[in-house]
Amino acid sequence: MRSQAVKGTYDVLPDATPTWRYLRSTIERTLGRAGVREIVPPIFEHSEIFDKSVGESADLVVQKEMYRFEDRGGRSLTLRPEFTAGVLRAYVEHGMHTLPSPVKLWSLGPAFRAENVQRGRYRQFHQVNCEILGSPGPLVDAEAIALLHDLLVALGLPDLRVALGSVGDPEDRDAYNAYLREALEPRKHELSETSQERLRLNPMRVLDSKNEQDQAIVAELDAPLDRLGDAARAHLDGVAQYLSDWGIAFDLAPSIVRGLDYYRRTAFEIHAEGIGAQSALAGGGRYDGLVESLGGPPTPGIGWAMGVERVLDALEGAGKLPGPDAGPNVFLVPMDETAIDEAARLARDLRSDLHVQHAYVKRNPGKGLRDADRAGARYAALRGERERAAGVWTLKHLASGEQREVPESELRTAVLED
Ligand code: AMP
């Protein structure tokens, strides 16, 4: 047996968990103040939920990336590769369209994709996800982008680049895909294998290729923004206007397309400098029609997903990660056998409002103080025969080395003093 985590997965070790709590509390504050409520959908869904949302012409690359298995009843289940499908399934299942509109939902948790593992690209990774459902206008698109932007700023990442684009309305996409097919078909053999597959299934996704030769070829062609219909263009202008009014800097991204099929109109990404090739911290877009395809009433929606690992990487680069958890207020050191149980009992009592640790075996003062120090304690309290006879503990402030005897009943107050 190999005691090793599966490739592309990793452990969040105790030293790193304060960062995750910081992330969660910042989300709760920033999104909560805008009326975004938390939803916790299951990690796996019936496979058809993802098939329907990802679309018939689903990018084979995305399809192949899904962790799919049969349960013992022969049902096909899929570990979520993203949150939107599951959140929208819950929205439909619980009739949330009857709630005051727009309905705003956030989630935090793992997602799973069988991808090539590299820096910033894992097989179990984590996303903060946000959906705003029920409003078709550019105002909520701008709000969605602003919330994402403000969350990243609140986390400590001010140097952001918002890339704003549009994939157009379905008619625009069809026309653009037809244009791409016509332009690229004759040069098909110059494209990478993945792009050839995409050309067949969903030509627009060729624009997403990281291959340099593919990029050089598509650079000669019109971008989706060059071929937007009037309605989609007006919508994009509306979003851009709000962002400008709110002082959120952005660049128009003529060729931004999203990995999944269901997007229409607004598409956006946020990048950070200095975290390597995988610089996209988050991405999102509008998906009117997706709720309907999951069996709900026609409902417009927009959402985004932020990659937690990449954000933490960027925070680390910027020196903004929170420090480790504080150590105990006091560490109890039993200096004889009797004091072991006394320390355990006193620890239970003091833990009603203090962080207290103790040694589980008899310790001489030198070793006991070293234990206290390693635990990051503020005080050490020592007990041996002499202290027991006097009803006291020897209390030592570890930073200053100051030491005094304190009656057991006054230990709590003494430890809280400075
Ligand atoms: P997507 O759902 O593909 O738009 O991804 C949204 C965000 O999730 C991206 O901008 C990344 O920050 C992050 N992300 C996507 N795939 C991975 C992965 N395999 N490993 C780590 N982060 C990822």
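Helices here are DSSP runs of H or I that span at least four residues, and they are numbered from the N terminus. In this predicted model, one such run is helix α9, which covers residues 230-245 and contains leucine 236. Leucine 236 counts as buried because its relative accessibility is 3%, where the cut-off for buried is under 20%. Once its neighbours within four places in sequence are set aside, leucine 236 is in contact with Leu164, Gly165, Ser166, Leu225, Leu228 and Leu252. Between the C-alpha atom of leucine 236 and that of glycine 134, 102 residues apart along the chain, the separation is 18 Å.

Burial of this kind leads on to the nonpolar cores. In soluble globular proteins, nonpolar side chains tend to be buried together. The largest nonpolar core in this model has 45 residues, and the members that touch the most others are Leu152, Trp304 and Met306. Helix α5, residues 138-155, gives the most to this core, with 10 residues. For leucine 152, the contacts outside a window of four places in sequence are with Leu157, Leu160, Ile270, Leu281, Met306 and Val311. A second core, separate from the one just described, has 38 residues, Leu88, Val167, Tyr179 and Val218 among them.

Val311, one of the residues touched by leucine 152, also appears in helix α11 as a buried residue. Helix α11 runs over residues 308-317 and is mostly covered, since 7 of its 10 residues are buried. The buried residues of α11 are Val308, Glu309, Arg310, Val311, Leu312, Ala314 and Leu315, a list that includes the charged residues Glu309 and Arg310. After α11 comes glycine 319, whose phi is positive, near 65 degrees.

The ligand offers another route into the structure. Of the 14 residues around the ligand, those that come nearest are Arg113, Glu115, Tyr122, Arg258 and Ala280. A polar side-chain atom of glutamate 115 lies 2.4 Å from a nitrogen atom of the ligand, while glutamine 127 places a polar side-chain atom 3.2 Å from a ligand oxygen atom. Alanine 280 takes part through its backbone, with an N or O atom 2.9 Å from an oxygen atom of the ligand. Taken alone, the ligand exposes 480 Å², and the protein buries 89% of that.

Which strands each supply at least two residues of the shell around the ligand? They are β6 (124-133), β10 (280-286) and β11 (301-307), and the largest share, 3 residues, comes from β10. By residue class, the shell divides into 6 nonpolar, 3 polar and 5 charged residues.

Strand β6 also holds glutamate 131. Is glutamate 131 buried or exposed? At 0% relative accessibility, glutamate 131 counts as buried. The side chain of glutamate 131 is joined to that of tyrosine 287 by a polar contact of 2.5 Å. Not counting residues up to four places away in sequence, glutamate 131 touches Thr84, Val87, Leu88, Val103, Lys104, Leu105, Tyr287, Ile302 and Gly303; one of these, Leu88, is also a member of the second nonpolar core.

Helix α4 can be followed through alanine 85, which has its place there. Alanine 85 is buried, because its relative accessible area is 0%. Leaving aside neighbours within four places in sequence, alanine 85 is in contact with Ile49, Phe50, Ser53 and Leu294. In contrast to these contacts, the C-alpha atoms of alanine 85 and isoleucine 340, 255 residues apart along the chain, are separated by 55 Å.

Two features of the backbone remain. Most residues other than glycine have a negative phi, and most peptide bonds are trans. The peptide bond from serine 101 to proline 102, however, is cis, with omega near 0 degrees, and proline 102 is placed in the loop between α4 (84-93) and β5 (103-112). Arginine 265, although it is not a glycine, has a positive phi of about 55 degrees. Arginine 265 is found in strand β9, residues 264-272, and counts as buried because its relative accessibility is 18%, with the cut-off set at under 20%.

Key: Residues numbered from 1 in each chain as written. Predicted model: local features only at pLDDT ≥ 70, side-chain atom pairs only at ≥ 80, totals over all residues. Heavy atoms only, no water. Core = buried A, V, L, I, M, F, W, Y, C linked by side-chain atoms within 4.5 Å. Buried < 20%, exposed > 50% of the residue type's maximum accessible area, 1.4 Å probe, protein only. Contact = heavy atoms within 4.5 Å. Near = heavy atom within 4 Å. Polar contact = N/O pair within 3.5 Å; in protein donor to acceptor, adjacent residues only side chain to side chain. Areas by Shrake-Rupley, 256 points an atom, 1.4 Å probe, with all protein chains shown as cover.
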